[in-house]
Structures are given as structure tokens and as C-alpha cells.
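Grab a coffee and work through a few exercises on how helices and strands sit together in this model. Each task comes with a solution that goes step by step.

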Amino acid sequence: MPWFAKPAMGLALAAAALPHAAHAAPLDPAAARGAIDAQLDKIYPALDALYKDIHQHPEVGFQETRTAALLAARMRQIGFTVTEHVGQTGVVAVYRNGDGPVVLVRTELDGLPLEEKTGLPYASHYQQTIDGKLTPTDHACGHDSHMAWWVGTAQTLLAMKDKWHGTLVFIGQPAEEKVGGAKAMLADGLFTRFPKPDYAFAAHVTPDVAGHVVIKQGAVSSAADAVVVTFHGLGAHGSMPDKGIDPIVMGAHFVDDVQTEISRQKDPQKFGVITVGAFNAGYAPNIIPDTAVLKLTLRSYDADVRQLLLDGVGTTARAVATMARASAPDVEHTEGTASVINDPALSAKLAGVLKTALGDSRVALVPVAMPGGTASEDYSEFVNAGVSQSVFFGVGGSDPAMLARLKAEGKPVPVNHSPFFAPQPEPAIRAGVETLVLAVLGVAGN
């Protein structure tokens, strides 16, 4: 999901690289970048073919069987020990290269139930059965780019294995869009069946200039919680409202009243959003229905705000039902994930490495005090399961000429989840490989 705020690229890179851990000799970022790019020149045609294959065959959460098999086969060819079907359709690939830290590198596998409208020659025309209906699918979030640079990072690190020591754990995670795939892999023993990481890295393509890299210290994305509220009324004729209990009126009160959690209960200096995205009740104009079902998304950064919003939804729903003399509503927290938090010191260290390797103009470090993005990512589940140090990078994918043209025309830039989102494959994939390889070398280099 998209998560970095666009203005972040304008911020100056503020922090210098920190000293390496005791096990690592000083890294020469410029020399490392040269070796990475030389390897990319050799393998990029294959990565491009892989990217376009995946792009044309997007599979939604927990249905990524073709995608998972494709990546598993590629990682076996490279030399990794691969386990499939972790957390249903997840992939875990392990490579041991002597003593050193365990480093996790993650990609997502899933696409979106969306019809692509980019007009690209390799556009998706794929369909899957979703909820019993044949539905178009699209990698509109950019996970196809992530999978290509994930494989490229693995190949490049093995080609440079004399430059680092330790264990690589590359994971292909299903169902990120459902914010359920990370939990499924953890529940299936990800950190007990396989080496538990000391460091973890992931990256997401953004609508920023292709090849630009953003590292956000602290909160990167918001927590996301899905809540379903069901109000129970009493059906009656529309002309006799006094003979029933109207759940539509309860729902309407709730939609309005729950916003006081934002305006009157939450600290105004802290981020929090409550959005009612669906309100389903009734089917005829002259019938008061029995129930009204509302579906909400809650977004926040801080754990205390997250709990305030969850508690507030339940309290408000029950109060509305009491006022209507109705039975208690059902309030179901159907799914949720915490905010992604980047380790500030490691973020600064790797920003220094990347700045030295890629140049000042391509890298920005966003300080803790600046807000993160408002979209969400379940990568946080891996970090919160015990990874002590982690960084989640933003890698730009948009054509600079397109950005300039759209700005001149006063038109919006297609963003992640738009059917028109179309990152430039080569600069984005190359930048993703450079970023992730340099990150691994930054913590596991000789």
C-alpha cells in the first residue's frame, strides 16, 4: 500500500551514517553500488521478463498459487533452500553464508481485484474468482515491482557473497492487501521453523520520481483496523415507525456521533481517522428493516489513539442503540495491523550509506517529527513479533516527464491502487535492488 507522503522528497537528508556493528568492517558504498549495477546489467533482462509475467497474472490474497510457485522455483535456481505454503501461500527462502546476523527481506505476493486501465502493452487481462464472481485483477499497488527487485536482490547478494556473512531469510508474503498474510505466516511458525531475524527490510514502490529513495524515521504508515457494526431494530411498515425500531436511524446517528471521538476525545495533535465506508440496510422504500450493517476503517499511528478509536466505536454504537431502546449492537473487530515503525538509528545509518552510494539527489531521510503516511501495511506484524531493528523504504517509480506534464496540466498523479498506476519498471526495479542490497551490506558486510 502507498504510505509515504509526497512532500517528503523535498526534505534534506539530515543524518550521517552511524558506525557499523562490531562484526562488520567499513563498507565502501560507492564500490558496492558499482558491483551491484554490474550484476544488474547481467540479470535485468530476466528480471524484466519476470516482472511482466507477474504483472500479467495478478492473484489476490491467499490465491497467489501461480505467483508463489514462480518465485519459489526462481529462488531454488539461485541456490536458496525454499519452503512453500507457509501461511497458506507464503514462500520462505533461506541462504546461509557463515556466521553473522540473520537478515529478513520481504516482498508481497498479492494483487488487487481491479481492472487495469493503463493501456500498457503488457497490461493485465487476468481474472480470478473472488466471492463466487469472476473478477479482473491488477497489480495496481506495485507488488510486481517488489517481487522483481526481491529476486534481483537475492541474486545480487549471492553474486557478492564474499562481501557479507550471515543468513538471509527471504519471505514472499501473501495477502498484504487483506492485512492478514503476515499474521498467517507467523501463526504457521515463521520465526520458529526458520531463523529469527536480527534485521528486517522491505521496500514499497511509490508515485515519486523513479529511482528516488525515501527513508522515514519512526512511524512510516498508520495502523489499520476494520470494524463491522450491526444494529438490530424491529421491522415495521414505513408508515408506522412507532411500531418498529429503525436501525437506519441508529446507523445515521452513529455515523455522525462517532466523529466526536476524533473531534472531542482524541488529542488534536495526534493522527486518527474514522471512516464509515459501507452502510447497508433495507431493500424497499416502505419497509423499516430489521438490521443495518456498517463497515468502518480506523487509522492511527499511536497505540493509545488506536485503542481510543476502537473503544470509541463500541461505546458510541452501544449508546446509540440504548437511546433507540434497541438491543445491543454487534461490534466486530474483523482485522487490524499496527503502524510500521522504522528504527531511527538504523534508518539514519542506512540513509548515509545510500546517500554515499546513490547521491544526495536520490535519497531523503524524513525525521521522526514528520508524520508518516496514512495508508497501512501489515509488515508491522513481523517487526512486532520480535525483530529488533527494521527499515521500510520507499522507492519512486514515476516517469519524471509524466510528472512534469501532469503538473503543468493541473492533473493528479496516478497513485497506488489507481487502475492507471504504472511505475516505470527498469528504474524502479534497479533502485529497489540497489536499496535492499546496500541495506543488507550495511548490517552484514565483511
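**Exercise 1.** Work out which hand the crossing of α1 and α12 has, and say which residues make the contact.

Solution. Start with the hand: α1 and α12 cross in a right-handed way. (A crossing is left-handed if the near helix is turned anticlockwise from the far one by less than a right angle, and right-handed if clockwise.) Helices here are DSSP runs of H or I with at least four residues, strands are E runs of at least two, and both are numbered from the N terminus. A quick word on the source: this is a predicted model, where local features need pLDDT of at least 70, side-chain atom pairs count only at pLDDT 80 or more, and totals for chains, interfaces and linings use all residues. Residues are numbered from 1 along each chain as its sequence is written, and side-chain values use heavy atoms, with hydrogens and water left out.

Next, the geometry. The axes of α1 (residues 29-55) and α12 (residues 425-444) come within 9 Å and cross at roughly 135 degrees. That angle makes α1 oblique to α12. (Under 35 degrees is roughly parallel, over 145 roughly antiparallel, 65 to 115 roughly perpendicular, and the rest oblique; axes are lines fitted to C-alpha atoms, for helices over the stretch in contact, and angles run from 0 to 180 degrees between N-to-C directions.)

Now the contact, meaning heavy atoms within 4.5 Å. On the α1 side it includes Ile36, Leu40, Tyr44 and Leu47, and on the α12 side Ile429, Val433 and Val437 are among the residues. Sorted by type, the contact of α1 with α12 has 13 nonpolar, no polar and seven charged residues. (Ala, Val, Leu, Ile, Met, Phe, Trp, Tyr, Cys and Pro count as nonpolar, Asp, Glu, Lys and Arg as charged, and the others, Gly among them, as polar.)

**Exercise 2.** Do the same for α3 and α12: at what angle do the axes cross?

Solution. The axes of α3 (residues 143-159) and α12 come within 8 Å and cross at roughly 45 degrees. So α3 is oblique to α12. The crossing of α3 with α12 is right-handed. Trp149, Gly152 and Thr156 are among the α3 residues in the contact, with Gly432, Val433 and Leu436 among those of α12. This contact of α3 with α12 divides into ten nonpolar, five polar and no charged residues.

**Exercise 3.** Find the order of the strands in the open sheet of four, then see what packs there.

Solution. The order is β12-β14-β10-β15, with antiparallel pairing. (Two strands pair if DSSP finds at least two bridges between them.) β12 (272-281) and β15 (330-337) are the edge strands, each pairing on one side only. From one strand to the next, the twist averages 15 degrees. Zoom in on β10 (residues 223-232) and β14 (residues 291-300), which are joined by ten bridges; Thr230 has Val293 of β14 as its bridge partner. Helix α8 (residues 303-323) packs on the sheet, touching β10, β12, β14 and β15, and its direction makes about 5 degrees with that of β10. Helix α6 (residues 247-257) lies across β10, β12 and β14, at about 15 degrees to β14.

**Exercise 4.** Is Val179 buried or exposed?

Solution. Most residues other than glycine have a negative phi. Val179 has a positive phi, near 40 degrees, and is found in the loop between β6 (166-173) and α4 (181-187). With a relative accessible area of 7%, Val179 is buried (under 20%; exposed is over 50%, partly exposed in between, with a 1.4 Å probe and protein chains only).
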